[in-house]
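Please look over the structure below before reading on. The paragraphs after it go through selected parts of the chain in turn.

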Amino acid sequence: MSLKNQITEDMKAAMRAKEVERLSTIRMLLAAMKQKEVDERVELDDVAVVGIVDKLIKQRKDSHTQYSAAGRTDLADKEAAEIKVLEAYLPQRLSAEEIAAEVARIVAETGAAGPGDMGKVMGVAKTRLAGKAEMGQVSAAIKQALSR
């Protein structure tokens, strides 16, 4: 079953179970997916869906940080709950060691020699590690690998 179909089935299950918060988050995800399909006139595959989920999680984390700093625990808790629901649709994340090993392979493949080659390595890493790792961690690993 594709990830898109799984999300739709989860929405139906949340409706039957009357899980209001979960249903709201899943509907928001489906709306973001539909918007991307309409805007780009494409049918989303699992990789694109994971990209959307990643983007939504990043937005929720940023909001959570801002709400926490402002003392709005009610809104921060809502964002944290949405993050938890969205994370269920992500594949298993790579550990820091696995990210470093994959970055080392990419650096060797591309022949990158220094910090000036960061863009070349990052381009390959984005396609290969999309959904498997947070890009902030990947970027840090690339910087470390190219600074040696």
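What follows covers one helix, its charged contacts, other salt bridges, two loop residues and two pockets.

The model is predicted. A useful place to start is helix H4, which covers residues 73-87 and has 15 residues. From its first C-alpha to its last, H4 reaches 21 Å, close to the 21 Å expected at 1.5 Å a residue. Which residues of H4 are buried? They are Ala76, Glu79, Glu82, Ile83, Val85 and Leu86. The cover over these buried residues includes helix H2 (20-40) and helix H3 (46-69).

Two of the buried residues of H4 are glutamates, Glu79 and Glu82, and each is worth following. Glutamate 79 sits in helix H4. With a relative accessible area of 10%, glutamate 79 is buried, because the cut-off for that class is under 20%. Leaving aside residues up to four places away in sequence, glutamate 79 touches Arg60, Ser63, His64 and Tyr67.

Glutamate 82 forms a salt bridge with arginine 60, their side chains meeting at 2.6 Å, N to O. Because glutamate 82 lies in helix H4 and arginine 60 in helix H3, the pair ties together parts that are 22 residues apart in sequence. Both glutamate 82 and arginine 60 are buried. The pair also belongs to a wider arrangement: Arg60, Lys78, Glu79 and Glu82 are linked in a network of salt bridges. Arg60 therefore appears both among the contacts of glutamate 79 and in the salt bridge with glutamate 82, the latter joining H4 to H3.

How many salt bridges does a search of the whole structure find? The search finds 16. One of them joins the side chains of lysine 4 and glutamate 37, at 2.4 Å from N to O. Lysine 4 is in helix H1 and glutamate 37 in helix H2, so that pair links distant parts of the chain, 33 residues apart. Lysine 4 and glutamate 37 are both buried.

A further salt bridge is formed by the side chains of arginine 128 and glutamate 102, at 3.0 Å, N to O. This pair too links distant parts of the chain, with arginine 128 in helix H6 (residues 118-129) and glutamate 102 in helix H5 (residues 96-110), 26 residues apart. Its two ends fall into separate exposure classes. Arginine 128 is partly exposed, with a relative accessible area of 30%, while glutamate 102 counts as buried at 13% relative accessibility.

The loops hold two residues with backbone angles that deserve a look. Most residues other than glycine have a negative phi. Lysine 18 is not a glycine, yet has a positive phi of about 55 degrees. Its place is in the loop between helix H1 (3-17) and H2. Is lysine 18 buried or exposed? Lysine 18 is exposed, with a relative accessible area of 69%.

Arginine 41 also has a positive phi, near 50 degrees, in a residue other than glycine. Arginine 41 lies in the loop between H2 and H3. At 77% relative accessibility, arginine 41 counts as exposed.

The last topic is the pockets. The largest pocket has a volume of about 380 Å³. Its lining is made of 17 residues, and Asp54, Lys58, Arg93, Glu134 and Met135 are those nearest its centre. Helix H3 and helix H7 (135-146) each supply at least two residues of this lining. H3 gives the largest share, eight residues. By class, the lining divides into seven nonpolar, three polar and seven charged residues.

The second largest pocket has a volume of about 150 Å³. Which residues line the second largest pocket? They are Ala32, Lys36, Gly51, Ile52, Lys55 and Leu56. The elements that give two or more residues to this lining are H2 and H3. With four residues, H3 gives the most to the lining of the second largest pocket. The lining of this pocket has three nonpolar, one polar and two charged residues.

Helix H3 recurs through this account. H3 is included in the cover over the buried residues of H4, and holds arginine 60 of the salt bridge to glutamate 82. H3 also gives the largest share of the lining of the largest pocket and the most to that of the second largest pocket.

Terms used: Residues are numbered from 1 along each chain as its sequence is written. This is a predicted model: local features need pLDDT of at least 70, side-chain atom pairs count only at pLDDT 80 or more; totals for chains, interfaces and linings use all residues. Side-chain values use heavy atoms; hydrogens and water are left out. The expected span of a helix is 1.5 Å times one less than its number of residues. Buried means under 20% relative accessible area, exposed over 50%, partly exposed in between (1.4 Å probe, protein chains only). Contact means heavy atoms within 4.5 Å. On a 1 Å grid over the protein atoms alone, a cavity is a set of points where a 1.4 Å probe fits but cannot get out, and a pocket is an open set with protein on both sides within 12 Å along at least five of seven lines; lining residues have an atom within 4 Å of a point. Grid points are joined across faces, edges and corners, and a volume is the space filled by probe spheres set on the points. Ala, Val, Leu, Ile, Met, Phe, Trp, Tyr, Cys and Pro count as nonpolar, Asp, Glu, Lys and Arg as charged, and the others, Gly among them, as polar. A salt bridge is a side-chain nitrogen of Lys or Arg within 4 Å of a carboxyl oxygen of Asp or Glu.
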